[in-house]
Amino acid sequence: MQNNLSSETLPPLREVIREYDLRAKKSFGQNFLLDLNLTSKIARVAGDLTNSIVYEVGPGPGGLTRGLLSNGAHRVVAVEMDQRCLPALTDISNAYQSKLTVIHGDALKIDEPAAMQLEPGFKARIASNLPYNVGTLLFIKWLTLDEWLPWYSSLTLMFQKEVAERIVAKPNTKAYGRLSVLAQWRGNVRIAMNVPAAAFTPPPKVDSAIIHFEPSEPIDKSVNLKDLELVVEKAFGQRRKMLRASLKSLPVDTIELLNMSNIQETARAETLSVADFVRLAKHYQLLRTA
């Protein structure tokens, strides 16, 4: 493709896909967004990008990448595992005067702050149409950083709609679970917009949704993250069972733990609030270190 491109003359994404033979591969969890009006709308969900360095995972042919740059991102750092996409992303980088840095690699292994080369005075944001096969793993990675508040200001992420609903779910609903507790313990999260399957090429079997997460001081930051993760994992691992049974494998007296936490032995995981889980984790920490 020609090298004298500008941001105004970049070709339509369908032409890019044809030019570089970028058929989406299931092995990479790829579903491409080609509507630049839609990708620009998603970019605006991320907030004011003019003072932001944005980290993107799985840009593919660059639909969301273009949206981020056209909405004024100071810089975008994109990690792409599929080598076939690199020439198309290089065209975007050239068109936007090198405001785009592309890293060929596995996003699960990237040290994001180092890769982004963060600058004083600029916010770090993550915005991605996440590959379906690694989306949840990456989200948990970003939620469970040891240092909190984290290095990023916000997450604007595409998930399968079912996963997005689990992230924002409230107690006493079927969708409420581990992701709900972790996300809502450490920040404010909402579904910003729904994206129908027909918007993708190729269309997946399910609709998707964009969630927007902003980190905040956690409910009781003295709680050990690993203790909270373990208690939540055990509680929802057998969600139909009462907590006195589902927490039985913890190396403490389960009945004492529940009594200390002022939680009924017959309660089930989905009935507990995020604050209840935090209290449970705190008392678990006290008992295991006693």
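These questions and answers walk through a predicted model, beginning with its sheet and ending with one residue of a strand.

Residues are numbered from 1 along each chain as its sequence is written, and side-chain values use heavy atoms, with hydrogens and water left out. Because the model is predicted, local features need pLDDT of at least 70 and side-chain atom pairs count only at pLDDT 80 or more, while totals for chains, interfaces and linings use all residues.

Me: In what order do the seven strands of the open sheet stand?
Reply: Strands here are DSSP runs of E with at least two residues, and helices are runs of H or I with at least four, both numbered from the N terminus. Two strands pair if DSSP finds at least two bridges between them, and the pairing in this sheet is mixed. The edge strands, which pair on one side only, are β4 (100–104) and β7 (187–195). The order is β4-β3-β2-β5-β6-β9-β7.

Me: Which residue in β4 stands opposite A78?
Reply: Strand β3 covers residues 75–80 and runs parallel to β4, with five bridges joining the two. Opposite A78 in β4 stands V102.

Me: Which residue in β9 is the bridge partner of L157?
Reply: Strands β6 and β9 pair in the antiparallel sense over six bridges, and β7 is also joined to β9 in antiparallel fashion, by eight bridges. From that second pairing, I191 stands opposite I211 in β9. The bridge partner of L157 in β9 is likewise I211.

Me: What angle does the direction of helix α6 make with that of β6?
Reply: Axes are lines fitted to C-alpha atoms, for helices over the stretch in contact, and angles run from 0 to 180 degrees between N-to-C directions. Helix α2 (residues 36–45) packs on the sheet, touching β6 (154–160), β7 and β9 (208–215), where contact means heavy atoms within 4.5 Å. Helix α6 (residues 135–143) also packs on the sheet, touching β2, β5, β6 and β9. Its direction makes with that of β6 an angle of about 155°.

Me: Which residues touch the most other members of the largest nonpolar core?
Reply: A nonpolar core is a set of buried Ala, Val, Leu, Ile, Met, Phe, Trp, Tyr and Cys residues joined through side-chain atoms within 4.5 Å, and buried means under 20% relative accessible area, exposed over 50% and partly exposed in between, with a 1.4 Å probe and protein chains only. The largest core holds 35 residues, and those with the most contacts to other members are L22, I42, L68 and V195.

Me: How is α8 oriented to α12, parallel or perpendicular?
Reply: The axes of helix α8 (residues 178–186) and helix α12 (residues 274–288) come within 9 Å and cross at roughly 90°. Angles under 35 degrees count as roughly parallel, over 145 as roughly antiparallel, 65 to 115 as roughly perpendicular and the rest as oblique. Therefore α8 and α12 are roughly perpendicular.

Me: Is K123 buried or partly exposed?
Reply: K123 lies in strand β5 and touches N51, S52, I53 and S153, not counting residues up to four places away in sequence. Although K123 and S52 are 71 residues apart in sequence, they are 4.6 Å apart in space, C-alpha to C-alpha. With a relative accessible area of 39%, K123 is partly exposed.
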